[in-house]
Amino acid sequence: MLLILLGVLVMHLIILILLIVSTAASTWSVGGDRTTDLWYTCTNSNGGYHCKPAISEDWLQAVQALMILSLLFCFFSLIAFLFQLFKLVKGGRFFFTAIFQILASVFVMCAAIIYTVMSPDDGSVKFGYAYVLAWVSFPLTLISGLIYIVLRKKE
């Protein structure tokens with residue numbers, strides 16, 4: 001049982017790291033000498049790297065908000081898991097943790113879908129690794145939430 005709890009905790013930490021990197025990294029889309037993330041658009045010109053704030057369209061602000069919410073809910077579910085690990089009665093399930101984790105997966109899925117649908121497509125721009133990490137963290141977060149539903153505390 002201890003090994004399962006340790007595995008779930010390590011998986012949760014990996015998911016949290018993936019969400020942090022995908023939210024903060026500067027390569028949601030890459031095209032030529034330009035990279036775009038949720039916060040800045042950076043170009044590599046004249047031997048320098050110049051960044052300016054990203055466009056302030058509603059869809060990008062929705063993606064920003066959803067990614068931050070997914071980060072917060074994932075972090076709060078980790079805190080809830082650690083709290084329930086010591087305070088939950090024997091045989092109890094980690095429902096509170098599971099709800100937060102499943103909500104985090106829904107938020108990251110919605111953010112990635114909005115970015116996929118609304119990002120400009122001019123043919124030369126490709127999705128970067130931060131975008132891929134957001135999509136990878138979605139099923140991992142969902143699976144983690146489902147594991148928390150099934151998981152019972154034993155002495």
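**Notebook: helix α2, the nonpolar patch and the cores**

I began with L72 and found that L72 lies in helix α2. The model I am reading is predicted.

*Entry on exposure.* I looked up whether L72 is buried, exposed or in between. The relative accessible area of L72 is 38%. Because buried means under 20% and exposed means over 50%, L72 counts as partly exposed.

*Entry on the surface patch.* I then asked which residues make the nonpolar surface patch. I noted W39, Y40, I68, L69, L72, F75, F76 and I79, which together form a patch of about 700 Å². Helix α2, residues 58–87, gives the most to this patch, with six residues.

*Entry on the record.* I consulted UniProt, where an unreviewed entry annotates residues 62–83, 95–117 and 129–151 as "transmembrane region". I checked two of these stretches in the model. Residues 62–83 are 100% helix and 0% strand, with the end C-alpha atoms 31 Å apart. Residues 95–117 are likewise 100% helix and 0% strand, and their end C-alpha atoms are 33 Å apart.

*Entry on the interior.* I recorded that the largest nonpolar core has 27 residues, and that L19, W28, L38, V63, M67 and Y115 have the most contacts inside it. Two or more residues come from each of α1 (2–24), α2, α3 (95–118) and α4 (129–150). Helix α2 gives the most to this core, with nine residues. Apart from this core I found another, of nine residues, including V8, L85, L88 and A98.

*Entry on L38.* Which residues does L38 contact, leaving aside neighbours within four places in sequence? I listed T23, W28, A54, L60, V63, Q64, M67 and Y115.

Methods: Residues are numbered from 1 along each chain as its sequence is written. This is a predicted model: local features need pLDDT of at least 70, side-chain atom pairs count only at pLDDT 80 or more; totals for chains, interfaces and linings use all residues. Side-chain values use heavy atoms; hydrogens and water are left out. Patches are made of residues with over 30% relative accessible area and no salt bridge: like charges are joined within 9 Å, nonpolar side chains (Val, Leu, Ile, Met, Phe, Trp, Tyr) within 5 Å. Accessible areas come from the Shrake-Rupley method with a 1.4 Å probe; for residues, only the protein chains shown count as cover. A salt bridge is a side-chain nitrogen of Lys or Arg within 4 Å of a carboxyl oxygen of Asp or Glu. Helices (H or I, at least four residues) and strands (E, at least two) are DSSP runs, numbered from the N terminus. Buried means under 20% relative accessible area, exposed over 50%, partly exposed in between (1.4 Å probe, protein chains only). UniProt positions are given in the numbering used here, feature names are shortened, and annotations may be inferred rather than shown by experiment. A nonpolar core is a set of buried Ala, Val, Leu, Ile, Met, Phe, Trp, Tyr and Cys residues joined through side-chain atoms within 4.5 Å. Contact means heavy atoms within 4.5 Å.
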